[in-house]
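Hello,

Here is the structure I promised to pass on to you. Have a look at it first, and then read on for what turned up in it.

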Amino acid sequence: QKAEWAKLVNEKTITADNHHVELAANIGTPKDLKGVVENGGEAVGLYRTEFLYMDRDQLPTEEEQFTAYKAVLEGMEGKPVVVRTLDIGGDKELPYLNLPKEMNPFLGFRAIRLCLQEQDIFRTQLRALLRASVYGNLKIMFPMIATLVEFREAKAILEEERQKLSNEGVQVSENIELGIMVEIPSTAVIAHQFAKEVDFFSIGTNDLIQYTMAADRMNQQVSYLYQPYNPSILRLVKMVIDAAHKEGKWAGMCGEMAGDETAIPILLGLGLDEFSMSATSILKARSLIRNLSKSDMEALASKVLEMGTTEEVIEAVNAAVTL
Ligand code: PEP
Ligand code: MG
């Protein structure tokens, strides 16, 4: 089977009825690019930049960050690279920031919440990104957006930094798409509002599932509630995709669910445009998608949306698709 998948490295990801979707990779450092290329990734759908900040005792400088972002953009040779701004907090701590301990870190001061308050950290990262933007096809994405106001504030800071760089005579790309992670239910529910202001969505199911089901993604005792195929999750995913398409925007997914063989047929049927996963899952997913017909999966998706339980959904997928 592996030999069969390997033949798909340079193939496009096209369904049996000729619909193209993009298979992208999640990366944590420029070193991961090798795996992306070897596995035929069509893009980087999520570059988790927090690893630049971890395992050290001070913040990375603008220059260090610029070097890393430039390396990734150049390594992808013009293919899209979605860079997520700092998502620290929750399960990822930075000891040198000396943040107070929290009762509920996953509901606390993390990601964009921290960046909007600690603006020096945020502005340094945005400058590094803007400077690197001329070396490839950069898209910037904000994590953990819960309100439109947060998005607007973050965007305004980005625009200020762009203006400053331009005043300094530094070249910045004019074509940087700006998107958000949809990983908090409040944002999924009013995705139609966000869709008017963002260029794209990337659905972060790792967090979206934990927040929708109120089940800590790290807690084994409640892991039975961590249900990607629960119709409540599928309906939120549908709302986000439909909202994007209504405004002519694209919707991707960069949570684990995007590379999951049971979820892929449903996501295809819901119209997801981009699937971002660990590089080692890409060829298997491509092989699966090339054997599916989008119109059949649309029928499957409408059916499972009407179901009540995860178990029924899994059964319906197994009946419709031979994995
Ligand atoms: C997610 O929440 O689905 C996601 C991709 O982000 P992370 O796993 O880094 O929180
Ligand atoms: Mg997340």
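Phenylalanine 200 has a bridge partner in β7, namely tryptophan 250. That pair belongs to the parallel pairing of β6 and β7, which extends over four bridges. Please keep in mind while reading that this is a predicted model.

Stepping back from that pair, the strands form a closed barrel of eight, in the order β1-β2-β3-β4-β5-β6-β7-β8, with parallel pairing. From one strand to the next, the twist averages 25°. If strand pairing is new to you, strands of a sheet pair through backbone hydrogen bonds, either parallel or antiparallel.

β3 (80-84) is a good strand to look at. On one side, β3 pairs with β2 in the parallel sense over three bridges, and tyrosine 47 has valine 83 of β3 as its bridge partner. β3 and β4 also run parallel, joined by five bridges, with valine 81 standing opposite leucine 138 in β4.

Is β3 enclosed or open? Five of its five residues are buried, so β3 is largely enclosed by the rest of the structure. Pro80, Val82 and Arg84 point one way, while Val81 and Val83 point the other way. In general, the side chains of a regular strand alternate between the two faces of the sheet. Helix α4 (residues 62-75) lies across β2, β3 and β4, and runs at about 155° to β3.

Now to the site that you may want to visit next. The unreviewed UniProt entry places a "binding site" feature at Glu183 and Asp207. These two are spread over 25 residues of sequence, yet they cluster in space, with a largest C-alpha distance of 5.3 Å. Glutamate 183 is found in the loop between β5 (177-182) and α8 (185-189), whereas aspartate 207 lies in helix α10 (residues 205-213).

Why do both count as buried? A residue is called buried if 20 or more other C-beta atoms lie within 10 Å of its own. Glutamate 183 has 26 such atoms around it and is therefore buried; aspartate 207 has 23, so it is buried as well. Apart from its neighbours within four places in sequence, glutamate 183 is in contact with Met144, Gly204, Asp207 and Leu208.

Both residues also appear around ligand 1, along with Leu46, Arg48, Asp87, Gly204, Thr205, Asn206, Cys254 and Gly255. The elements that give two or more residues to this shell are β2 (43-48) and α10. Which of the elements gives the largest share? That is α10, with three residues. By class, the shell has two nonpolar, four polar and four charged residues.

Helix α10 deserves a few more words. Its buried residues are Thr205, Asp207, Leu208, Ile209, Gln210 and Thr212. What covers them includes β5, α8, β6 (200-203), α11 (231-246) and β7 (250-253). Just after α10, alanine 214 takes a positive phi of about 50°.

One last item comes from the same kind of record: the unreviewed UniProt entry lists residues 148-175 as a "coiled-coil region". In the model, this span is 71% helix and 0% strand, and its end C-alpha atoms lie 22 Å apart.

Enjoy exploring, and write back any time.

Best wishes

Notes
Residues are numbered from 1 along each chain as its sequence is written. Chains are lettered from A and ligands numbered from 1 in the order in which they are written. This is a predicted model: local features need pLDDT of at least 70, side-chain atom pairs count only at pLDDT 80 or more; totals for chains, interfaces and linings use all residues. UniProt positions are given in the numbering used here, feature names are shortened, and annotations may be inferred rather than shown by experiment. A residue is buried if 20 or more other C-beta atoms lie within 10 Å of its own, exposed if 12 or fewer, and partly exposed in between; C-beta atoms are placed from the backbone. Two residues are in contact if their C-beta atoms, placed from the backbone, lie within 7 Å. A residue is near a molecule or strand if its C-beta atom, placed from the backbone, lies within 6 Å of it. Ala, Val, Leu, Ile, Met, Phe, Trp, Tyr, Cys and Pro count as nonpolar, Asp, Glu, Lys and Arg as charged, and the others, Gly among them, as polar. Two strands pair if DSSP finds at least two bridges between them. Axes are lines fitted to C-alpha atoms, for helices over the stretch in contact, and angles run from 0 to 180 degrees between N-to-C directions.
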